[in-house]
Amino acid sequence: MAYLALARRYRPRRFAEVVGQGHVVRALSNALDQGRLHHAYLFEGTRGVGKTTIARIITQCLNCEAGVSSTPCGECGTCKAIEAGRFVDFVELDAASRTGVDDMRDLLESTAYTPAEGRYKVYLIDEVHMLSKNAFNALLKTLEEPPEHVKFLFATTEPEKVPQTVLSRCLVFALHHLAGEEIQAALERIVRAEGLEAEPAALAELARAARGSMRDALTLLDQVLAFGGGTLKREDVVGMLGVADRDRVYDLLDSLAGQNGAAVLAHVGDLGRGVAGADSILDALAEALTLVARRQIVGDAPLPPGSPETRIDALAGVLTPEEVQLDYDIVLKGKADVKLAEDPVLGLEMVALRLLAFQPRKRGREAAGAAPPPASRARSAPPANQVAESRPAQQAAPAAPQASPVADASWEETVTALGLKGMGRELAQNCVLLERSDTLVRLALDQNKAHLLTDRLRATLEKALAAYYGVPLKLKVEVGEQAGPSPAAKQAEAAASRESELREAIEGDPHVNALREAFGAEMMPDTLRPETPSA
């Protein structure tokens, strides 16, 4: 028996089998069960999301011998004929190849005749936007007064090209891109049904490469099974698809965070010599930076399945949000520049050198009076997996606070030197130091800020303190009364004092008083913005 492609074998035959289009399935199911049948439906969406599949299911629902409902039996002669593509009252037209008015007139002439076998004559026109203007005009006349036994189903990837006069006579359903999680879950079900073994990371790569299309995902799955001899391994998927190895991409970002230029170029060379193209490598970099930004700004937002959460958290604690945004912009612009380079690997190197060259934190270090490390030009404390190899370079620069912390430095100075950002910095700033030994740091957290004490943020702070002091240690945070003001409380008090001074200065200004007397002007306290001194 001839092999049937997975995309055809596992094509949904019931609404319950459709992946990721619940909003459309629900509306159509209710309409069919309640007998609220429209004469024309238009399904819009990108390729492989289920437009023509849903149209075929509707045809079964309308003509099943058991009656019109959202759950056709699938066993009667009509259902089987529709599945096999031999139901005479189901006419499918590809508008991409038959765009002329004559083709449309021939089709519309047949609408006058009653169904030969079924309850309704159903006309499915795929890529309807490619019909000519005259063909649309011919169709419009029938859409205005359609026979009761006729239903039109249209599918298009470019709804903006369909005339408004046609759209206004259709019920329009927009089918969404499928989420990677939905595609991966569907692939897992199919792999189990086929009795195959698959690595979750391999399915995650396939779901990502499908870019929202279930049909593309199944086609790629067929291809990988042929490539791997019936097995599904991540390295086979990466090799076959020509996508960037994401482990190496995160290695590159780790080296970038530590400003290790030699390591960055080495990783670029390894990636460039692989099967992945420059676009795939830069896409993977952009995706990784997006996940880091998500961690920094949204905190505990969920990550896609298979994401290296530990490595993302480490980068989120080392890079500043400003650096992540700048790096993302450089990577996106680099996609256009690499295409102009004679050698794509050299083009990738130039993008990497730009990432190394722009350092938003450099000005912050100079403002704090810290001399930048001479060789590595480190942005901040390196990730945990690079502390050991970068420590000698840090010790060569005694002015850097991460390399040689002052024994009697205040907790406020320590928090500044840690270089934390986002919620990790918020936790540190609202703590007071209770005790510090060679193996333990004990902090007190204000009861009003107890929500900051999550396992992830505590681990981030513990890792930053270990890198700062240069020794492994354990962090203990106690929620309760504090012995003194926290760095955050001191900053709030200082800001209130500056605002008070600013208000007094403005109220005593003769020019301001003149404006008050001449125009009845009033000062708006909420607009006072005292300048925050550099840390």
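Let's start with Gln-259, which is buried at a relative accessible area of 4%. This residue sits in the loop between α12 and α13. Its backbone is worth a look in this predicted model: phi of Gln-259 is near 55°, a positive value in a residue other than glycine. As a reminder, most residues other than glycine have a negative phi.

There is another residue of this kind to show you. Arg-211 also has a positive phi, of about 50°, and is not a glycine. You'll find Arg-211 in the loop between α9 and α10, the latter spanning 214–227. Buried or exposed, then, for Arg-211? Arg-211 counts as exposed, because its relative accessibility is 59% and the cut-off for exposed is over 50%. Gln-259, with its 4%, is buried.

Let me step back to the whole chain for a moment. The protein chain has 24 helices and 8 strands. It runs to 535 residues, and 43% of them count as buried. The accessible surface comes to about 27100 Å², with 52% of that belonging to carbon and sulfur atoms. Now take the contacts between residues at least 6 apart in sequence: 72% of them join residues at least 24 apart.

On to charges. Side chains of opposite charge can pair when their charged atoms come close. How many salt bridges does a search of the whole structure find? The search finds 28. I picked a few to walk through with you.

Take Glu-205 and Arg-246, whose closest N and O atoms are 3.3 Å apart. Glu-205 is in helix α9, residues 200–210, and Arg-246 is in helix α12, residues 246–257, so this pair links distant parts of the chain, 41 residues apart. Both Glu-205 and Arg-246 are buried.

Next, please find helix α15. Glu-309 and Arg-295 meet in a salt bridge there, at 2.4 Å from N to O. Glu-309 lies in helix α15, residues 309–318, and Arg-295 in helix α14, residues 278–298, so their pairing ties together parts that are 14 residues apart in sequence. The two partners sit in unlike surroundings: Glu-309 counts as partly exposed at 40% relative accessibility, whereas Arg-295 counts as buried at 6%.

Helix α15 also carries Asp-313, whose partner Arg-456 is in helix α22, residues 455–469. That salt bridge has an N to O distance of 3.9 Å, and it links parts of the chain 143 residues apart. Asp-313 and Arg-456 are both buried.

Some salt bridges share partners, and one network of this sort joins Glu-205, Arg-208, Arg-234, Asp-245, Arg-246 and Glu-287. You'll recognise Glu-205 and Arg-246 there, the pair at 3.3 Å.

Now for the rings. A pair of aromatic rings is described by the distance of the centres and the angle of the planes. The count here comes to 5 aromatic pairs. One of them is Phe-43 with Phe-173, a stacked pair at 5.9 Å centre to centre with 25° between the planes. What do these rings tie together? Phe-43 lies in strand β1, residues 40–44, and Phe-173 in strand β5, residues 171–174, so the pair ties together parts that are 130 residues apart in sequence. Phe-43 counts as buried at 0% relative accessibility, and Phe-173 is buried at 14%.

Another stacked pair is Phe-152 with Phe-154, at 5.9 Å between centres and 20° between planes. Phe-152 is at 0% relative accessibility and counts as buried, and Phe-154 likewise counts as buried at 0%. Back at Phe-43 and Phe-173, ring pairs link these two and Tyr-41 into a cluster.

A ring can also meet a charge: the charged end of Arg-436 sits over the ring of Tyr-469, 3.8 Å from its centre.

Last stop, the surface. Which residues make a nonpolar surface patch of about 240 Å²? They are Leu-265, Met-350 and Leu-353. Leu-265 is in helix α13, residues 261–273, and it counts as partly exposed at 31% relative accessibility. Helix α13 also brings us back to our opening residue, Gln-259, in the loop between α12 and α13. Thanks, everyone!

Methods. Residues are numbered from 1 along each chain as its sequence is written. This is a predicted model: local features need pLDDT of at least 70, side-chain atom pairs count only at pLDDT 80 or more; totals for chains, interfaces and linings use all residues. Side-chain values use heavy atoms; hydrogens and water are left out. Rings of Phe, Tyr and Trp (its six-membered ring) pair if their centres lie within 6.5 Å; planes under 30 degrees apart count as stacked, over 60 as edge-to-face and the rest as tilted. Helices (H or I, at least four residues) and strands (E, at least two) are DSSP runs, numbered from the N terminus. Buried means under 20% relative accessible area, exposed over 50%, partly exposed in between (1.4 Å probe, protein chains only). A charge sits over a ring if NZ of Lys or CZ of Arg is within 6 Å of the ring centre and within 35 degrees of the ring normal. Patches are made of residues with over 30% relative accessible area and no salt bridge: like charges are joined within 9 Å, nonpolar side chains (Val, Leu, Ile, Met, Phe, Trp, Tyr) within 5 Å. Accessible areas come from the Shrake-Rupley method with a 1.4 Å probe; for residues, only the protein chains shown count as cover. A salt bridge is a side-chain nitrogen of Lys or Arg within 4 Å of a carboxyl oxygen of Asp or Glu. Contact means heavy atoms within 4.5 Å.
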